[in-house]
Amino acid sequence: MSTMSIHHAVPLRQPEQLLNVVLAPLPPDADWPAAAQWLAAWLPAASLATTQPADELAAMQRLGSALLQASAGLLHGAGIPLPAAGRLAACQPGADGWQLELGLVWPQLLDTAPLLQALQCCLHWLQAILRRQPGGDVLPAFYQQLGQLLPELLPHAIAAPSMLALLDAATAAGIPWRHEGNAMFRLGWGSQGREFFTSRSDGDSPIGIRAAAHKQQACRLLQQAGLPTASQLAVHNAAQAEAAALQLGWPLVVKPHNRDRGEGVSTGIDNPQALQQAVAHASQYGWPVLLEQQAPGVCHRILVVCGEVIYVVQRLPVAVCGDGVHSVAELIHAAKLRELQLPPWRRAPPLRADDASRQRLAEQGMRLDSVPAAGQWLELRRIESSADGGRDVDMGASIHPDNRQLALRAAALFGLELAGVDMISSDISQPWWQNGAIVNEVNAAPALGASLSSRLSMPRLMSLLWPQQGRMPLEIFVGGDVALAAARQRRSELAAQGTACHLATEEHAEAPDGSPLPLACATLYQRCAALLCRREVAGLLVVISAEQWPQAEWPADKADRVQFCG
């Protein structure tokens, strides 16, 4: 007589990198409040108790937890995200001290050298702080060491900032993900899975990506489609630039033909001398250089995802906000000091009291020693750029419906599932055809998570791309022939409900109709991993022997249902 038990939402053990650490006991008066303060200062999501642990075992377990959190946070800052939280696999006293075994789900195809470096760095600081060795504010010294360590870690980075923002949002939404190498990631399983590289999705048109990256071609396509864009000419030398300026008329925008995020761009060019300087600046990135009639207004970034506008921001140049007391130079210095309180990866580009700032201030009738009124913003640059930074103002509630539709048409024109449409408008609440607004660019790899509006929009972005949280039915049946029969019976039940499931065992795989499915896989883990990445797989049923179940590793984080067949 067979017996069965069913468990739901069962966590699964994924392949781990196990590391052994031997530590000397901590002193009875270990400074846990200082350690918690240090950790929270650069890793706000971390959690570390401040009270004294009940005993030595509890103290070492807490230290192990802090070490795992700190190391994961440091690696994340270096562009190496971990798909799951680490765990303290063992903690026991030994002849040489306390022996801790740490388990971390390490990204595939990545050398473990950065993991060891991060662990060593974080362990050094945790032990020193707990033993009250540094004294005073340890953050500056810690950040100084990070300045030396990060250049060693960054060559191992697998995720750019936009990809990190996407993965963080996926983790928050319960969407599984894994690194597939070459900075590419799969988010979700089977038919619910998507592949991403930075903020480019597998749903984007390769031709559209190429066209959007070529500013001159993008401009032509927009014009051909009847969408408003700037009058533009390409030049290959300074003499051609002068002739183009006479043809287009002042003021002009001068920019490279192949750069983005404001690199090499000059605006407000209204005389031949300024034109030559702007052309020299843009040509550093190669010829041709593009000259455009400058449209009135400022740039607005409109993020389009799956045919929906999910946020709109006005992109303003980097600036200081007056308080009625301090000079511009003092405000710049104070801003620099605030940024130094953050870890390097969270810092904005530093404000600079340089010639460009002096020139822009003069255009506003101010100087570095001027004291702006409280609440008065003074720009230090003419445009927002990745090199100098900027500030965003949420305009989602103000955008006119016609401008919203214009952004949707521009994204659709290039076949982009995710697109950052840059619209220059003097008033985004007025329709484009009324105030001369234009589509300046369509970005195929829009920055994600860089502004508050972007971060707040991430849950909506995730629900549009992964309406079912990137998951499909995943059920495991433990036992022998009875388990296989139960799995096949379950496949029939799910098929009747409209879900066609594949099946995998330790020896073979089956298609939803029960026919053999040849796979170039030697193990159950490999078969499951192969099926989880196939678009035609809408559900997966797995059969594993009772002997293999306790130590089995899985390419997934949890199963919807585990049925033990005795």
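**View 1. How many bridges join strand 5 (residues 177-181) and strand 6 (residues 184-187), and in which sense do they pair?** The answer is 4 bridges, in the antiparallel sense. Before looking closer, please note that this is a predicted model: local features need pLDDT of at least 70, side-chain atom pairs count only at pLDDT 80 or more, and totals for chains, interfaces and linings use all residues. Residues are numbered from 1 along each chain as its sequence is written, and side-chain values use heavy atoms, with hydrogens and water left out. Two strands count as paired if DSSP finds at least two bridges between them. Strands (E, at least two residues) and helices (H or I, at least four residues) are DSSP runs, numbered from the N terminus. Find Gly181 in this view, and you will see its bridge partner Met184 in strand 6. The hairpin has 2 residues between its strands, and Asn182 takes a positive phi near 55° there.

**View 2. Strand 12 (residues 289-293) pairs with strand 9 and with strand 10.** Strand 9 (residues 232-235) is the place of Ala234. Strand 9 and strand 12 run antiparallel and are joined by 4 bridges, with Ala234 the bridge partner of Leu290. Strand 10 (residues 252-256) also pairs with strand 12 in the antiparallel sense, over 5 bridges, and here Lys255 stands opposite Leu290. In strand 12, 4 of the 5 residues are buried, so this strand is largely enclosed by the rest of the structure. Buried means under 20% relative accessible area, exposed means over 50%, and partly exposed is in between (1.4 Å probe, protein chains only). Ala234 is partly exposed, with a relative accessible area of 25%. Leaving aside residues up to four places away in sequence, Ala234 touches Gln216, Gln240, Pro288, Val289 and Leu290; contact means heavy atoms within 4.5 Å.

**View 3. Helix 3 (residues 113-130) has 18 residues, and many neighbours to meet.** From its first C-alpha to its last, helix 3 reaches 26 Å, close to the 26 Å expected at 1.5 Å a residue. The expected span is 1.5 Å times one less than the number of residues. Among the buried residues of helix 3 are Leu115, Ala118, Cys122, Trp125 and Ile129. The buried residues pack against strand 2 (17-23), helix 1 (32-42), helix 2 (56-77), strand 4 (97-104) and helix 4 (139-153). Just look past the helix for Arg132, which follows helix 3 and has a positive phi, near 60°.

**View 4. Helix 10 (residues 328-339) has buried residues that line one face.** Val328, Leu331, Ile332 and Ala335 are buried in helix 10. Seen down the helix axis, the buried residues fall within an arc of 100°, so they line one face of the helix; the arc is that of the directions from the helix axis to the C-beta atoms. An α-helix has 3.6 residues a turn, so residues three or four places apart point the same way. The cover over the buried residues of helix 10 includes strand 15 (319-321), helix 11 (355-363) and strand 16 (377-379).

**View 5. Trp42 and Phe142 form a tilted aromatic pair.** A search of the whole structure finds 10 aromatic pairs. Rings of Phe, Tyr and Trp (its six-membered ring) pair if their centres lie within 6.5 Å; planes under 30 degrees apart count as stacked, over 60 as edge-to-face and the rest as tilted. For Trp42 and Phe142, the distance is 5.2 Å centre to centre, with 50° between the planes. This pair links distant parts of the chain, since Trp42 is in helix 1 and Phe142 is in helix 4, 100 residues apart. Trp42 counts as buried at 1% relative accessibility, and Phe142 is buried with a relative accessible area of 0%. Trp42 and Phe142 belong to one aromatic cluster together with Trp38, Trp125, Tyr143 and Trp345.

**View 6. An open sheet of 6 strands has mixed pairing.** The order of its strands is 1-24-20-23-21-22. Strand 1 (4-11) and strand 22 (509-510) stand at the edges with a single partner strand each, so one side of each is left without a neighbour in the sheet. Inside the order, strand 21 (residues 502-504) and strand 23 (residues 540-544) run parallel and are joined by 3 bridges, and Ala504 stands opposite Val542.
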